[in-house]
Amino acid sequence: MTSHTAILLFGRSAFAEARHKDFGDAKLGRGIAASLIRRTRDTILRTGLPLLHADERKQCGTTFGERLTNAMSAAYARGYEHLIVVGNDCPGLRSGQLLRAAEQLAAGHTVIGPDRRGGIWLLGLSRDRFRRADLLTVRWCSPDACMDLRQHMREVHELPSLADANAVRDLLRHRKQWSRVIGGIYVLLAPGHSPHIDLTYWTDSRVGDSSCGRAPPQAA
């Protein structure tokens, strides 16, 4: 299984992520993004599966769908039969979930990890079920992405729904759940650490969830 399965970390660099997400000022944003990327890489490496990393410097294509399918095609071209795609913005990601996805792929299933905004935090797809044209029709980075994928895929195994982190308010909302795995980020958010961010604003109940469902994160 391990020799035929790889994990593709598809997202942005910390610099680009900080420019696209609501993580506060530039310095704080880069620190948060770098911590999330590092945590995701460490989680993947613990599986023992090969890691392929494609940020905006390695991605090619105009749309998210083009960049994603091009990255997946390149991975299959390297000889992998099964591919697990994840982004860098899901602090709840565990190595056991990745290994579960690998098992399901080897058993002939497609794997989807839905997030709580209508997107996904994981896509597991074997080479023989990879249909570029279908994936290009998915409304990526919208609340309809997961629904579109379900319509195109067969024999789907779904993993538990997880929350993603697109803004400081997400980090604060899930602090109790995530503090054990990304504690360093909460140090960055400590009062006085970043004078250019108003945590009162981010904890205001009037500030709602982002409506953007997430697939593996969109590149710059």
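Is Tyr76 buried or exposed, and what is its relative accessibility? In this predicted model, Tyr76 has a relative accessibility of 4% and therefore counts as buried, the cut-off being under 20%. With that residue placed, its aromatic surroundings are a good place to start.

Three aromatic pairs are present in the structure. In one of them, the ring centres of Phe10 and Phe64 are separated by 5.6 Å and the ring planes meet at 90°, so this pair is edge-to-face. Because Phe10 belongs to strand 1 (residues 5–10) and Phe64 to helix 3 (residues 64–77), the contact ties together parts that are 54 residues apart in sequence. Both partners are shielded: Phe10 is buried, with a relative accessible area of 0%, and Phe64 is buried too, at 5%.

Tyr76 returns here, as it forms an aromatic pair with Phe130 that is tilted, with 5.2 Å from centre to centre and 55° between the planes. This pair also links distant parts of the chain, since Tyr76 sits in helix 3 while Phe130 lies in the loop between strand 5 (120–126) and helix 5 (132–137), 54 residues away. Phe130 has a relative accessible area of 14% and is buried. Elsewhere, ring pairs join Phe10 and Phe64 with Trp140 in a cluster.

The strands come next. Strand 3 (residues 82–86) is largely enclosed by the rest of the structure, because five of its five residues are buried. The side chains divide into two sets: His82, Ile84 and Val86 point one way from strand 3, whereas Leu83 and Val85 point the other way, and all are buried. Strand 3 pairs with strand 1 in the parallel sense over five bridges, and within this pairing Thr5 has His82 as its bridge partner. Strand 3 also pairs with strand 5, this time in the antiparallel sense and again over five bridges; here Ile84 is matched with Gly124 of strand 5.

Helix 2 (residues 26–45) offers a simple check on geometry. At 1.5 Å a residue, its 20 residues should span 28 Å, and the end C-alpha atoms are 28 Å apart, which agrees. The N-terminal end of helix 2 is capped by Asp25, a side-chain oxygen of which lies 3.1 Å from the backbone nitrogen of Lys27. The buried residues of helix 2 include Leu28, Ile32, Leu36, Ile37 and Ile44. Polar residues are also among them, including Ser35, Arg39, Thr40 and Thr43.

Definitions and conventions. Residues numbered from 1 in each chain as written. Predicted model: local features only at pLDDT ≥ 70, side-chain atom pairs only at ≥ 80, totals over all residues. Heavy atoms only, no water. Phe/Tyr/Trp six-rings, centres within 6.5 Å; stacked < 30°, edge-to-face > 60°. Helix = DSSP H or I, 4+ residues; strand = E, 2+ residues; numbered from the N terminus. Buried < 20%, exposed > 50% of the residue type's maximum accessible area, 1.4 Å probe, protein only. Expected span 1.5 Å × (residues − 1). Polar contact = N/O pair within 3.5 Å; in protein donor to acceptor, adjacent residues only side chain to side chain. Pairing = 2+ DSSP bridges.
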